[in-house]
Amino acid sequence: METKPPTPRAVLVGIQTPEVDDVAHEASLEELGRLVKTLGYEVVGTVSQRRDGTGAGSLLGTGKLAELAALTGGSGVVTTMAPPPRSKARARFEAPPGALPGPATPAATPADAPAAEAAPKPDFVIVDHELSPSQIRNLERATGAEVLDRTGVIVEIFHRHAKTREAKLQVEMARLKYVAPRMRESSGGGGRQQGPGAGESTLDLDRRKIRDRLAELKDQLEAVQRDSDNRRTGRRDQLRVALVGYTNAGKSSLMRALTGSEVLVEDKLFATLDTTVRILQPETRPRVLVSDTVGFIKQLPHDLVASFRSTLTEALEASLLLFVVDASDPTYEAQLEVSRSVLREIGADVVPSRLVLNKMDRVDAAGREALVARHPDAILLSAHAPDDVSALRDSIIAFFEAEMVEDALALPYAKQGLIGEIYDSVRVLSEEYDETGRVLKVRGLPGAIARLQRSLAAAGG
Ligand SMILES: Nc1nc2c(ncn2[C@@H]2O[C@H](COP(=O)(O)OP(=O)(O)OP(=O)(O)O)[C@@H](O)[C@H]2O)c(=O)[nH]1
Ligand SMILES: [Mg+2]
């Protein structure tokens, strides 16, 4: 796949504000690099700038801007006269779904050509910070490259990876909302306040198109969501555990190990964009459902958080959240905090949770000791170690056992049809027969027992 079109080349720009220390700054840039690679671009350089604030129109100081422009082959000067290389946001909006936002003019040199003389100029400048539309425009003028910010990269990854209809609709909405204001600023030949002219009316037209499309998407999404709500209602009161956490923490790896399913595992950010639900193996009675969910990342665009809300309803309705963390990552604490705050934002912070420190095979003895001291209640494991996974399974089962209660259900002969549902939702401890029917002693979640009692009472009689 990488051999046909030349791999787009990107330069990363890090902005270090005073409250960010060097380790966090480095980690953030490294993460941005991984995001950019996930997008299929090659990172060919990095420019870092210390800055008090990022309000300035040009973002970078003159020296840094010149350094960056030398890499990209731009002028290094933000002239109001020079038009930006092209209306990127508009092209993005008009691009068919899944189209690669490649370079305006594909580099003529194949990727494997001798690098010395003819190394193609980078096509993208990717800034590790949220940029205003005018900051993007100014940087594009000075560098001659297409400029994307962190949000733009994340939105683009989601756009390409979304697979189910629901995820596609949600991502298209988020993407339009991201693109719309940027399109306003970069279309119409450059200036922001050029006065009412011919450009204005195409702009209005585009805005209306976007509004209409958003309304259309909203309707479609609601229909799809009604379906999945119905599906979920069918799973209510079941024993459900959801794997949540930062992207690349190992959620899908644990999902595979716990359920024997073939969900996608990749050393990529945002490998998983859709929730999957599978049965914990070996199967228990009642059985436990495990959900794998989309990962979180810092500075997650707001509209994407909103789109997670629906995907993560699975998590919200779980009885137990397993908070998966890559404990071998030096910035795991910050990742944990990001995950917590997203879950707070969608209202899932009330669900009971256990911290799972994963990838312990990469942590040395001293590191392990420090982690145990810091998180005494955490489960330490490696998703690749079968014994660890089976211990995790025991913890999950123990959690549900502690929530369960015992009760009796009277099943009249007239309602024997409910027996299948009973066996699916609770564990039957004993059965006795009398003249009216069966009396079952059962053990299960209070909600499940209450539901069964309601249907036994309702079925007439
Ligand atoms: N060494 C080691 N690597 C692991 C472990 N668990 C997962 N990995 C690796 O970490 C990478 C990411 O794993 P995934 O399971 O895809 O992570 P995820 O949390 O589902 O990631 P997203 O779907 O992108 O949010 C893969 O390369 C895994 O093989 C572990 O316990 N030890
Ligand atoms: Mg995954």
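A backbone N or O atom of A383 sits 2.9 Å from an oxygen atom of ligand 1. The protein hides 92% of the 660 Å² of accessible area that ligand 1 has on its own. Keep in mind that this is a predicted model, so every value here is computed from it.

## Around ligand 1

In all, 23 residues surround ligand 1, and the closest are K251, S253, A271, T272 and D361. Besides the A383 backbone, side chains also join in. The table sets out the polar pairs with the ligand.

| Residue | Atom on the protein | Partner | Distance |
|---|---|---|---|
| T247 | polar side-chain atom | oxygen atom of ligand 1 | 3.0 Å |
| K359 | polar side-chain atom | oxygen atom of ligand 1 | 2.9 Å |
| A383 | backbone N or O atom | oxygen atom of ligand 1 | 2.9 Å |

K359 deserves a second look. This residue has a positive phi of about 60° although it is not a glycine, and its place is in the loop between β9 and α13 (365–374). Is K359 buried or exposed? At 15% relative accessibility, K359 counts as buried, because the cut-off for buried is under 20%.

N248 has a backbone oddity of its own: a positive phi of about 75°, again without being a glycine. You'll find N248 in the loop between β5 and α9, and with a relative accessible area of 16% N248 is buried.

## The chain as a whole

Stepping back, the protein chain has 16 helices and 13 strands. Buried residues make up 48% of its 461 residues. Among contacts with a separation of 6 or more, 69% come from residues 24 or more positions apart. The chain exposes about 22000 Å², and carbon and sulfur atoms supply 52% of that area.

## Helix α14

Helix α14 covers residues 386–403, 18 residues in all, and reaches 26 Å from its first C-alpha to its last, close to the 26 Å expected at 1.5 Å a residue. Which residues of α14 are buried? They are V389, L392, R393, I396, F399 and F400. These buried residues cover an arc of only 120° around the axis, which puts them on the same side of α14. An α-helix has 3.6 residues a turn, so residues three or four places apart point the same way. On the other side of α14, D387 and A402 are exposed.

What does the buried side of α14 pack against? The list runs to β5 (239–245), α9 (251–259), β7 (288–292), β8 (320–326), β9 (353–358) and β10 (379–380).

## The loop between β6 and β7

T284 is found in the loop between β6 (276–279) and β7, and this threonine touches R393 and I397, not counting residues up to four places away in sequence. R393 is one of the buried residues of α14. T284 is itself buried, with a relative accessible area of 16%, and a polar atom of its side chain lies 3.5 Å from the backbone nitrogen of V288.

There are cis peptide bonds to check here as well. The bond from Q281 to P282 is cis, with omega near -15°, and the bond from R285 to P286 is cis too, with omega near -10°. P282 belongs to the loop between β6 and β7, and P286 is found there as well.

## Helix α16 and D237

Helix α16 takes in residues 446–458, which makes 13 residues, and its span from first C-alpha to last is 18 Å, close to the 18 Å expected at 1.5 Å a residue. Its buried residues are A448, I449, R451, L452 and L456. Seen down the axis of α16, they fall within an arc of 160°, so they line one face of the helix. R454, A457 and A458 are exposed on the other side. The buried residues of α16 pack against β11 (405–412), α15 (419–425) and β13 (437–444).

Where does D237 sit? D237 is in the loop between α8 (198–233) and β5. Leaving aside its neighbours within four places in sequence, D237 is in contact with L445, G447, A448 and R451; A448 and R451 are among the buried residues of α16. D237 and P446 are 209 residues apart in sequence and 8.5 Å apart in space, C-alpha to C-alpha. D237 counts as partly exposed, at 23% relative accessibility.

Terms used
Residues numbered from 1 in each chain as written. Chains lettered and ligands numbered in written order. Predicted model: local features only at pLDDT ≥ 70, side-chain atom pairs only at ≥ 80, totals over all residues. Heavy atoms only, no water. Helix = DSSP H or I, 4+ residues; strand = E, 2+ residues; numbered from the N terminus. Expected span 1.5 Å × (residues − 1). Buried < 20%, exposed > 50% of the residue type's maximum accessible area, 1.4 Å probe, protein only. Arc of directions from axis to C-beta. Contact = heavy atoms within 4.5 Å. Near = heavy atom within 4 Å. Polar contact = N/O pair within 3.5 Å; in protein donor to acceptor, adjacent residues only side chain to side chain. Areas by Shrake-Rupley, 256 points an atom, 1.4 Å probe, with all protein chains shown as cover.
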